[in-house]
Amino acid sequence: MSLAETVRDHIVRAIDEEQLAAYGLHVLVGHESAQHRWRSDDRVNLYSVSKGVSALAAGIAVDEGILSLDTRAVDALGVSDIGSGAEAVTLEHLLSMTSGIDFEWFGDQEVPWPDLAQEMLARPSRGPGEHFQYSDASTYVAMRMLGAVAGDVRDWLMPRLFQPLGIHNPQWLRCPLGWIVGGSGLELRTEELARIGRVLRDRGRFGNDRIVSERWVGRMHSHWVASGAGGLYSSYGLAAWRGPGVGWRLDGRYGQYVFIHDAADAVVTITAHEERSDQRLVEIAAAAVTDAVSDDAVSDDAGSGR
């Protein structure tokens, strides 16, 4: 049995024992993969895992030189009605949820303003980089910045991300003005999302294709910002959360996860609709990877006579 199959079986057994409502599971360890389905592999809303794909889009734009982490939102969008301090908000602040603007909005809510991006930037900032507030609005404004220089972000991503990964015609929830929500609403199958996970694990590569720079993927899970919360939600990078353990993850409502364990050369992808204990899904995945890698190391030592 391969290491990927061992991890898969551990996760499946634990999910079934705890009666968690998972849809699908994909495990990649090294070059070996294993999958399991609890239901058909239909495209589902990835919720906040969409933020990670938006971060990849921003990274590709930075690589191409059309944006930088220091690009100011008001400059990219040509906003004239600017809240106090909001003129200093950059792409980095938006992706790391540290704009300092008190504007909590999520993709499943109505948009009662003519322009969501302008509404956010018209409000005051308590100090960019100094305050953490998690909101789809921040990712939305970041993707509006990209849209200002690249046009429709989903279409721009087709030849740069989706087509190289073999992801055909993905759909993304849009605001009333037609822009992708960014922070939520991307719909993919478990196996398609696993290809995004592979890009993250392989530091920006997908097979022989360079999708985004290694430096950008590294930046996504470093320079952690303290969120003020505890446990698995204490540290945030660029659209990514720290943990469990030494790993890092993209994390979406109801149990959408891409969990990367760099030391084990592993990535576990889960889609689900678990309303009671969605956090348990990634905890189980992290434990399965750690245990399997530890057992494999012990087995190798025993086989070598050490």
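A salt bridge here is a side-chain nitrogen of Lys or Arg within 4 Å of a carboxyl oxygen of Asp or Glu. By that rule, the side chains of Arg-201 and Asp-265 meet in a salt bridge, at 3.5 Å from N to O. This pair links distant parts of the chain, 64 residues apart: Arg-201 belongs to helix α8 (residues 190-201), while Asp-265 sits in the loop between β12 (256-261) and β13 (266-272). Helices (H or I, at least four residues) and strands (E, at least two) are DSSP runs, numbered from the N terminus.

A word on the ground rules: this is a predicted model, in which local features need pLDDT of at least 70 and side-chain atom pairs count only at pLDDT 80 or more, whereas totals for chains, interfaces and linings use all residues. Residues are numbered from 1 along each chain as its sequence is written, and side-chain values use heavy atoms, with hydrogens and water left out.

**Salt bridges**

In total, the structure holds 22 salt bridges. The Arg-201 and Asp-265 pair is also part of a network of salt bridges that links Arg-198, Arg-201, Asp-202 and Asp-265.

To read the table, note that buried means under 20% relative accessible area, exposed over 50%, and partly exposed in between (1.4 Å probe, protein chains only).

| Salt bridge | N to O distance | Arg accessible area | Asp accessible area |
|---|---|---|---|
| Arg-154 and Asp-155 | 2.8 Å | Arg-154: 14%, buried | Asp-155: 42%, partly exposed |
| Arg-201 and Asp-265 | 3.5 Å | Arg-201: 5%, buried | Asp-265: 33%, partly exposed |
| Arg-249 and Asp-251 | 2.9 Å | Arg-249: 0%, buried | Asp-251: 8%, buried |

If you are browsing the model, Arg-249 is a good place to pause: its relative accessible area is 0%. Its partner Asp-251 is buried too, at 8%. In the Arg-154 and Asp-155 bridge, by contrast, Arg-154 is buried and Asp-155 is partly exposed.

**A small sheet**

Now for the backbone. Strands of a sheet pair through backbone hydrogen bonds, either parallel or antiparallel. In this model, an open sheet of 3 strands follows the order β3-β5-β4, and its pairing is antiparallel. Its edge strands are β3 (44-45) and β4 (171-172), each of which pairs on one side only. Two strands count as paired if DSSP finds at least two bridges between them. For β3 and β5 (residues 186-188), which run antiparallel, there are 2 bridges. One contact to look up is that of Asn-45, whose bridge partner in β5 is Glu-187.
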